[in-house]
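Thanks for making the time this morning. I would like to walk through one model with you, a part at a time, and I will try to keep to what can be read from the atoms.

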Amino acid sequence: MTEKTYREALTDALFLEMRRDENVFVMGEDVVGGTGSPHAEPGFVGGVFGVTGGLHEEFGLDRCIDMPISEAGIAGTAAGAALAGKRPVAEIMFCDFMGLCLDQLMNQAAKFRYMFGGKATCPMVLRTTYGAGMNAASQHSQSLHPLVTAIPGLKVAMPSTPADAKGLLSTAIRDDDPVIFFEHKTLYTISGDVPDGEYLVPFGKARMVSEGDDCTLVATGRMISFCENAAQALADDGITCDIIDPRTTSPLDEDAILDSVEKTGRLVVVDETPPRCSFASDIAALAAGEVFSSLKAPIKQITGPHSPVPFAKELESEFVPSPTKIRDAVAEVVNFK
Amino acid sequence: MQLAREELEQAYKQMKTIREFEEHLHREIMTGSIPGFTHLYAGQEAVAVGVCENLTEADFITSTHRGHGHCIAKGCDVIGMMKELYGKADGLCKGKGGSMHVADMDVGMLGANGIVGGGPPLATGAALAAKLDGKGSVAVSFGGDGSCNQGPVFESMNIAAILNLPSIFVYENNRYSEHTHCDYVIASESIASRVEGFGIHTVKANGFDFFEVHEVMKELITKAREGNGPCAVEFETTRFYGHFEGDPQNYRAKDELKDDRENNDCITIFKDKVTEAGLLSDDDINKLDEEVNSLIEESVDQAKKSPLPNPEDVTTDVYVSY
Ligand SMILES: Cc1ncc(C[n+]2csc(CCOP(=O)(O)OP(=O)(O)O)c2C)c(N)n1
Ligand SMILES: [Mg+2]
């Protein structure tokens, strides 16, 4: 184990996977930085969030490809290269920009396997950032995992810790299906113990973040630490929670969630997207449909409001679920009569 | 230079307002009081002002992530903009949009844009509306060198050409998109040569010189108003600050910035031209500088005093009615 940041853990996975399989390559805007510049040596950026830093020194510019601002082209070339046997890891700087490449993901990559009668694979990874918290306003703050989770054929990973960042990215790269990999932009600097060497975290296997008796909290990414925060405050009042991080929203570890709700009888789902047709409503429907008779209280969903993400601090803080709102929701379901 | 004295004063004042607006932000961002992502337009003022001085409120523009200059040049209220950037309730967009989304429909400013390449299709739509209205309005999309590689940009050029729309594609080639040099990411010889492929009349010009920008645009905009269809311009320009604040800019040539600041400062070039030609005196310039400075001071003062948004307003203005 070595203590690493979330960012370093991701970079670690890229180094290891690129060493292991020469079909793996990275591509995206400024993933190297300075390629083809008349003034500078390539390599001083390594991705706007620094995740692909240093790769080109070991793997060269053939496998670390700076791309023009052409998101549709980036997603489409990744899908085509994957169809032709490569394992591209494409970076889309902010998931909001997936708007431009959605056709390539939704109508192309997601559907090859099925439409072609099981005869094609599209082992691409599209790494992207998501989430509010930087006052980056409506076009740079969205959390679009529900959108792609809803598309059959795409897998969706969202690590909440440095260790999971490494393990899930390694798995994503080895996976034969297209994977949309969401990195929360406020998590890059958190640190934690990360296993050394090759490390894989299986898809569809939730992480039990903490265990308790009174309520099940389900969340992903940044919301995990908010749940932990809320759970600590609740523990002072003698209320304990299971906190479950599914780690991948597709495939989804339904059993982990259902077993927990059967045990606690209460469910609060936390997600920073708007509420409609969301991750939260999906999990709530799952529990309501499968373990209804175990429920002791209505299921609560703590989400953003049905609005875009606003700019100003006061508005953005109102948009994002807070530990206080989570705590209150748990207290409410626990006290439900 | 057949501009009247008031026109010269107006042009200078606009350029200087943009410059001082950006200089203020450059200082203020360090203090942490400007939330979010802010991209400064300093260095490119001659383009925004040279274009927009040929437009009226009935004309449209779309802008980019580096949009403050376009907004000011098109007539957005400077005080309202400053309030917006400070994230205040009475900002131009009520604190909902911030730097990347300043807009004002009343002056034909259809929005800065967080999506690179997002503007040209919208401007082309505004040009379609203008054509249908038949009153001679035009729509200008501003775009950076990096934005010309987005598919929707090409699609809108083709649409503007086949429908013969008064859509004017303005490219500000400041050599870089983030840290990437334009030579690496633009396959054709220039942006201009690429646009010509759509049969669109295209010009390359010096964006450091307000007078050249103004003259080129006057001709193109007049033609577009007369129903001659779309056109495009590629202006050579430079940005005086990094892509974002704190960008070490180690992708630029040694002395490139110093050289640009010394020789390619559009405001110095303007000042030198008008004073040498005796059109405006140093005193005139100083007086305008004072006006600009007090406007910026006033805007900062008001922005700092303005009320913060009410958290409940997070869900207002999502729809017209719901
Ligand atoms: C669709 C999209 N892709 C990427 C970005 C990130 N980004 C913001 S500005 C920028 C560079 C734009 O370069 P250019 O068009 O030359 O404009 P400049 O910054 O030089 O004004 C990039 C890549 C974005 N905002 N939108
Ligand atoms: Mg540029």
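Let me begin with a question: is A:Phe15 buried or exposed? Before I answer, please keep in mind that what you see is a predicted model. A:Phe15 is buried, because its relative accessible area is 18%, and the cut-off for that word is under 20%. A:Phe59 counts as buried as well, since its relative accessibility is 11%.

These residues bring us to the aromatic side chains, of which the count comes to 16 pairs over all chains. A:Phe15 and A:Phe59 form one of them, a tilted pair with 5.9 Å from centre to centre and 45 degrees between the planes. What the pair does is link distant parts of the chain, because A:Phe15 belongs to helix α1 (residues 6-20) of chain A and A:Phe59 to helix α2 (residues 55-59) of chain A, with their positions 44 residues apart in sequence. Elsewhere A:Tyr6, A:Phe49, A:Phe94, A:Phe97, A:Tyr188 and B:Phe37 form one aromatic cluster. On chain B there is also a charge placed over a ring, where B:Arg261 lies over the face of B:Tyr241, at 5.2 Å from the ring centre.

Let me turn now to the metal. Which residues coordinate the magnesium ion, ligand 2? The donors are B:Asp145 through OD, B:Asn174 through OD1 and B:Tyr176 through O, at 2.1 Å. Written along the sequence, the spacing of these donor residues reads D-x28-N-x1-Y. The pair of B:Asp145 and B:Asn174 links distant parts of the chain, 29 residues apart: B:Asp145 is in the loop between β2 (139-144) and α6 (151-162) of chain B, and B:Asn174 is in the loop between β3 (167-173) and β4 (176-177) of chain B. Both B:Asp145 and B:Asn174 are buried.

While we are on chain B, please look at B:His179, which is found in the loop between β4 and β5 (180-181). B:His179 counts as buried, because its relative accessibility is 6%. Its C-alpha is 9.1 Å in space from that of B:Gly242, although the two residues are 63 apart in sequence. For a contrasting case on chain A, take A:Glu316, in helix α11 (residues 313-319), which counts as buried because its relative accessibility is 5%. A:Glu316 and A:Asp66 are 250 residues apart in sequence, and their C-alpha atoms are 33 Å apart in space.

Next, the empty space. How many cavities of 30 Å³ or more does the structure hold? The count is 1, and about 70 Å³ of space lies in the largest cavity. This cavity is lined by 14 residues, and the closest to its centre are B:Thr64, B:Ile115, B:Val116, B:Gly117 and B:Ser147. Both α5 (119-133) and β2 of chain B supply at least two residues each to that lining, and β2(B) gives the most, with 3 residues. By class, the lining of the largest cavity divides into 4 nonpolar, 10 polar and no charged residues.

As for the pockets, the second largest has a volume of about 540 Å³. Of the 21 residues that line this pocket, the closest to its centre are A:Ser138, B:Cys93, B:Lys96, B:Gly97 and B:His101. Its lining has 11 nonpolar, 7 polar and 3 charged residues.

I will finish with a few points of backbone geometry. As background, most residues other than glycine have a negative phi, and most peptide bonds are trans. The peptide bond from A:Ser250 to A:Pro251, however, is cis, with omega near 0 degrees, and A:Pro251 is found in the loop between β12 (248-250) and α9 (254-264) of chain A. A:Cys277 has a positive phi, near 45 degrees, and its place is in the loop between β13 (267-270) and α10 (279-290) of chain A. A:Cys277 counts as exposed, because its relative accessibility is 70%. B:Lys94 also has a positive phi, near 60 degrees, and lies in the loop between α4 (78-85) and α5 of chain B. B:Lys94 is partly exposed, with a relative accessible area of 47%.

Notes: Residues are numbered from 1 along each chain as its sequence is written. Chains are lettered from A and ligands numbered from 1 in the order in which they are written. This is a predicted model: local features need pLDDT of at least 70, side-chain atom pairs count only at pLDDT 80 or more; totals for chains, interfaces and linings use all residues. Side-chain values use heavy atoms; hydrogens and water are left out. On a 1 Å grid over the protein atoms alone, a cavity is a set of points where a 1.4 Å probe fits but cannot get out, and a pocket is an open set with protein on both sides within 12 Å along at least five of seven lines; lining residues have an atom within 4 Å of a point. Grid points are joined across faces, edges and corners, and a volume is the space filled by probe spheres set on the points. Ala, Val, Leu, Ile, Met, Phe, Trp, Tyr, Cys and Pro count as nonpolar, Asp, Glu, Lys and Arg as charged, and the others, Gly among them, as polar. Donors are N, O and S atoms within 2.8 Å of the metal (3.2 Å for Na, K and Ca); water is not among the atoms, so sites may look incomplete. Helices (H or I, at least four residues) and strands (E, at least two) are DSSP runs, numbered from the N terminus. Buried means under 20% relative accessible area, exposed over 50%, partly exposed in between (1.4 Å probe, protein chains only). Rings of Phe, Tyr and Trp (its six-membered ring) pair if their centres lie within 6.5 Å; planes under 30 degrees apart count as stacked, over 60 as edge-to-face and the rest as tilted. A charge sits over a ring if NZ of Lys or CZ of Arg is within 6 Å of the ring centre and within 35 degrees of the ring normal.
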